[in-house]
Amino acid sequence: MIYEDDDIPYLGMWAELRKNYLLEEKPEDYAEIVEEKMLIEYLVAIEEHYSKKFDELVEKQMEREGVDEELKIRNPLEWIGLVNNIRSCVKENLIDEICS
């Protein structure tokens, strides 16, 4: 059974990316997960894993680059720019990982 998009609740960005990747690039893997009636559980696990990994990687990169509370107080605009850049880079890397 292939789920229709209306049958699957939105579980988050990471789950959606993985689901779309499987549908487009690995339909046999997607069908196997569906056949085992594990699609929702699988996608929830993907979402939890990558949400946690994203937060951890952002935090580590902020520490490496010295993006801390002191900078936030001293220069909020610079802090926002650096945090946004770090988040974008981490997101891009994780998207590459999740879609392979």
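## Helix 2 and the residue after it

In this predicted model, Lys37 has a positive phi of about 55° and lies just after helix 2.

Helix 2 covers residues 27–35, and its buried residues are Tyr30, Ile33 and Val34. Viewed down the helix axis, these buried residues fall within an arc of 100°, so they line one face of helix 2. Helix 1 and helix 3 are among the elements that cover them.

## Aromatic pairs

Two aromatic pairs are counted. In one of them, the ring centres of Trp14 and Phe54 are 6.1 Å apart and the planes meet at 45°; because this angle is neither under 30 degrees nor over 60, the pair is classed as tilted. The two residues are 40 residues apart and link distant parts of the chain, with Trp14 in helix 1 (residues 13–25) and Phe54 in helix 3 (residues 39–65).

Both rings belong to buried residues by the cut-off of under 20% relative accessible area: Trp14 has a relative accessibility of 4%, and Phe54 has 10%. Ring pairs join Trp14 and Phe54 with Tyr50 in a cluster.

## Helix 5

Helix 5 runs over residues 76–98, which is 23 residues. At 1.5 Å a residue the expected span is 33 Å, and the end C-alpha atoms are 32 Å apart, so the two values agree.

The buried residues of helix 5 are Trp79, Val83, Ile86, Val90, Leu94 and Ile98. They pack against helix 1, helix 3 and helix 4, the last of these being residues 69–74. Trp79 also takes part in a contact with a charge: the charged end of Lys72 sits over the ring of Trp79, 4.7 Å from the ring centre.

## Nonpolar cores

The largest nonpolar core contains 14 residues, and Trp14, Met62 and Val67 have the most contacts inside it. Helix 3 and helix 5 each supply at least two residues of this core. Helix 5 gives the most, with six residues.

Leaving aside residues up to four places away in sequence, Val67 touches Met62, Trp79, Leu82, Val83 and Ile86. Of these, Trp79, Val83 and Ile86 are among the buried residues of helix 5.

A second core, separate from the largest, has nine residues, including Tyr21, Leu22, Ile33 and Leu43. Ile33 is also one of the buried residues of helix 2.

Methods: Residues are numbered from 1 along each chain as its sequence is written. This is a predicted model: local features need pLDDT of at least 70, side-chain atom pairs count only at pLDDT 80 or more; totals for chains, interfaces and linings use all residues. Side-chain values use heavy atoms; hydrogens and water are left out. Rings of Phe, Tyr and Trp (its six-membered ring) pair if their centres lie within 6.5 Å; planes under 30 degrees apart count as stacked, over 60 as edge-to-face and the rest as tilted. Helices (H or I, at least four residues) and strands (E, at least two) are DSSP runs, numbered from the N terminus. Buried means under 20% relative accessible area, exposed over 50%, partly exposed in between (1.4 Å probe, protein chains only). A charge sits over a ring if NZ of Lys or CZ of Arg is within 6 Å of the ring centre and within 35 degrees of the ring normal. The arc is that of the directions from the helix axis to the C-beta atoms. Contact means heavy atoms within 4.5 Å. The expected span of a helix is 1.5 Å times one less than its number of residues. A nonpolar core is a set of buried Ala, Val, Leu, Ile, Met, Phe, Trp, Tyr and Cys residues joined through side-chain atoms within 4.5 Å.
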